[in-house]
Amino acid sequence: MTARSVPHLSLLLGMIISVVVATAACSPQPGANGASGDPTTGAAHAHEEGEAGHAHEESGGEDPGGAEPSDLDLPLSAIFSKDTRCEHEIPTYTCDQCRYEFGVVRLPQDVLAASDGSLAVAVVERRPWSGAREATGEVALDADRAAWLGPRAPGVVRAIHVDLGDRVRAGQTLYEVESVELGDARSEYRRALAEQRVARSAAEREADLFARGICPESDLLEARARREQADASAEAARSRLGRLGLTGGEIATAAAAEPGGGAAGRGAGGDDGLLPVRAPFAGTVLERDLGLGARVEPGDRALLLADTSVVWVETAIAERELEAVLERQRRGAVPAVVSVSAFPARSFPGRLDRLGGTVDEATRTIRARVVADNPDGVLRAGMFARVRLQLDGEGDALVVPAEAVLEDEGRPFLFVRATTPGDEEYFVRRAVRPGRSADGWVEILGGLEPGQAIVTKGAFLLKSDVLRAKMGAGCAD
Ligand SMILES: [Zn+2]
C-alpha cells in the first residue's frame, strides 16, 4: 500500500458513500465530507433531527450512551435483523448512514475494481503453517575463523607478500618483520647449543676418566648435572624460536649458522633475521593496515585474515517464539535462510547455531547466531540481513495477511463478508483471536471459519470509515 493511494481511496469511498446516500432518500450524511467535528455538522444534524426527530428519540432509547455494547460482541443475527431499525425507520444494516454503528460496510464490486488493488477480498482457508520466523540481522565474521595478525614480536615491516582480497593457504608467509627479539632468540639458541656441546663432551670425558679410576664419581655426577642443565637451556631457547613462529626447519637452519656470525647467515625462512608472520588458517585477506618500514607490535590490527566460506549472522528471536525454536531444535539443527539487500535475488542457506542465555530487557528478544554458507564470499561483515528460521512441521493453520487484522480498543478484528437473506453483500467487523504470526501472516485461532471471505487488503480504510461514521453519528450519542 503506497501512501499515495490512501487519499485517493478515501476520496473514492467518500464518493461511494455520498452517492449511496443521495439515492437512499436519507438526508445528507454529516460525516461524508470528513468534517464531522465542524460547526457545519451541527447544521446538518439539525436538519436530520427535523426530518426524523421521533426516530432519534427511539434510537436514543435503544442505545443508551455509556452501556452500549460493542458491535464486535453482537451476533450476526442481531446485526442483520430486519427488526433492528435505525432512526430512519429502515433496518439499520441497510441504512447508508447508520450501518457503521454496527461495524458494517458495503464494498460493491465496482469499488473493489476501482481500488486498483488497494482493496482486496479473499476467501480464507487452512494451509500448512510454514512456521518461518523472519527477523533482521547483521552479517559478521565467524570469530573462530577470523584473526587480526600482528607479529609475535615487535619489529619493523621489511616485506609484504599479500594484499587485500588475496586468498592464502594455511602456513603461508604474509609479511616479514625485522625483529631485535628474534635476533636475540637466535643468538641465545646458538649459544645454548654451543654450551650443550661443551657440556656433553665434558660429561663423556668425565665418564671415561671415572671408568679408568682417574677421577672420583662426584666429578662425573657434576658433569652430568651441567649437561642436563645445558640440555634444558637449549630446549628453552628452541621453544622461544618456536613461539616466535619459526618452523622446525627454520630453527634447524638457525642452529646451523655460526654464533656471532651476525647478518652473514642468509637463507630461507627466518635465517636472514626476519620474523615471518604466517596464516594460521586458509582464508582471505580482508584488511591490511601495513606498510613497509612501519613498526608493528604483537596485538596490532595489522592484517585481517578470515575464512569467509561461512559467516555468522547475528540476529534475535522474540521471547514468545523461544518455545517453538527450542522444540524445533530438539529434532535437529534449525534451518535458516539469509538474504541481503545487495543480492536481492539470492538466498544463503544456513542454520541456527547458538541462542543467547538472556533476554534483552528493552526488546524482549534473545540473541541468536545463524551460520550461513558463503561459498563465493559475497556476504560481507557488516551487511544488514533478513533471517528466516524454518520451524516446519507445525501442521495446518487458518491464516490471514497480517494487514487484514485491525484493532479497536485493543480487540483484534477482521472485516468478514456476510450475505444477508436478500443476497446483499456486506462486510462486518468480527472479533477474532490471533495466534502465531510470521512472515506477514497471522494465524487465526477463533472467530473465523475456513471458507469465509475477508477484506485482506486495505481493511484499515474501511476501519477509518467506520470509526469516522461512529464518531460523527450524533444521533447515537
Ligand atoms: Zn439510518
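Biologist: Which residues does Tyr175 touch, not counting residues up to four places away in sequence?

Modeller: In this predicted model, Tyr175 lies in strand β8, residues 173-178. Leaving out residues up to four places away in sequence, the residues that Tyr175 touches are Val157, Ala159, Ile160, His161, Val277, Leu290 and Leu303.

Biologist: Is Tyr175 buried or exposed?

Modeller: A residue counts as buried if 20 or more other C-beta atoms lie within 10 Å of its own. Tyr175 has 24 other C-beta atoms within 10 Å, so the residue is buried.

Biologist: What distance separates the C-alpha atoms of Tyr175 and Leu275?

Modeller: Along the chain, Tyr175 and Leu275 are 100 residues apart. In space, their C-alpha atoms are separated by 8.4 Å.

Biologist: In the open sheet that holds β8, which are the edge strands?

Modeller: The sheet has four strands in the order β9-β8-β6-β11, with antiparallel pairing. Two of these pair on one side only. The edge strands are β9 (274-278) and β11 (295-296).

Biologist: Which residue of β8 is the bridge partner of Val157?

Modeller: Strand β6, residues 155-160, runs antiparallel to β8, and four bridges join the two. The bridge partner of Val157 in β8 is Val177.

Biologist: Which residue stands opposite Leu303 of β12?

Modeller: Strand β12, residues 303-306, pairs with strand β10, residues 283-288, in the antiparallel sense over four bridges. Opposite Leu303 stands Arg288.

Biologist: In the open sheet with the order β5-β12-β10-β7, which strands have one side without a neighbour?

Modeller: The pairing in this four-stranded sheet is antiparallel. A strand at the edge has a single partner strand, so one side is left without a neighbour in the sheet. The strands in that position are β5 (146-148) and β7 (167-168).

Biologist: Which helix gives the most to the largest nonpolar core?

Modeller: The largest nonpolar core has 53 residues, and Leu241, Leu303, Val313, Val338 and Val370 have the most contacts inside it. At least three of its residues come from each of domain 2 (132-143 + 308-394) and domain 3 (180-272). With six residues, the helix that gives the most is α5 (residues 180-211).

Biologist: How many residues are in the other core, which includes Val104 and Phe427?

Modeller: This core lies apart from the largest one. Among its residues are also Val400 and Leu462. The number of residues is 33.

Biologist: What arc do the buried residues of α7 cover around the axis?

Modeller: In helix α7, residues 248-256, the buried residues are Glu250, Ile251 and Ala254. They lie on the same side of α7, because the arc they cover around the axis is only 100 degrees.

Biologist: Which residues are exposed on the other side of α7, and which helices are included in what covers the buried ones?

Modeller: The exposed residues on the other side are Gly248, Gly249, Ala252 and Ala256. Leu241 touches Ile251 and Ala254, among other residues. The cover over the buried residues of α7 includes α5 and α6 (217-243).

Biologist: Among contacts between residues at least 6 apart in sequence, what share joins residues at least 24 apart?

Modeller: The chain has nine helices and 24 strands. Of its 477 residues, 30% count as buried. The share of those contacts that joins residues at least 24 apart is 70%.

Definitions and conventions:
Residues numbered from 1 in each chain as written. Predicted model: local features only at pLDDT ≥ 70, side-chain atom pairs only at ≥ 80, totals over all residues. Buried ≥ 20, exposed ≤ 12 C-beta atoms within 10 Å, placed from the backbone. Contact = placed C-beta atoms within 7 Å. Core = buried A, V, L, I, M, F, W, Y, C linked by C-beta atoms within 7 Å. Domains from an automatic or database assignment. Arc of directions from axis to C-beta. Pairing = 2+ DSSP bridges.
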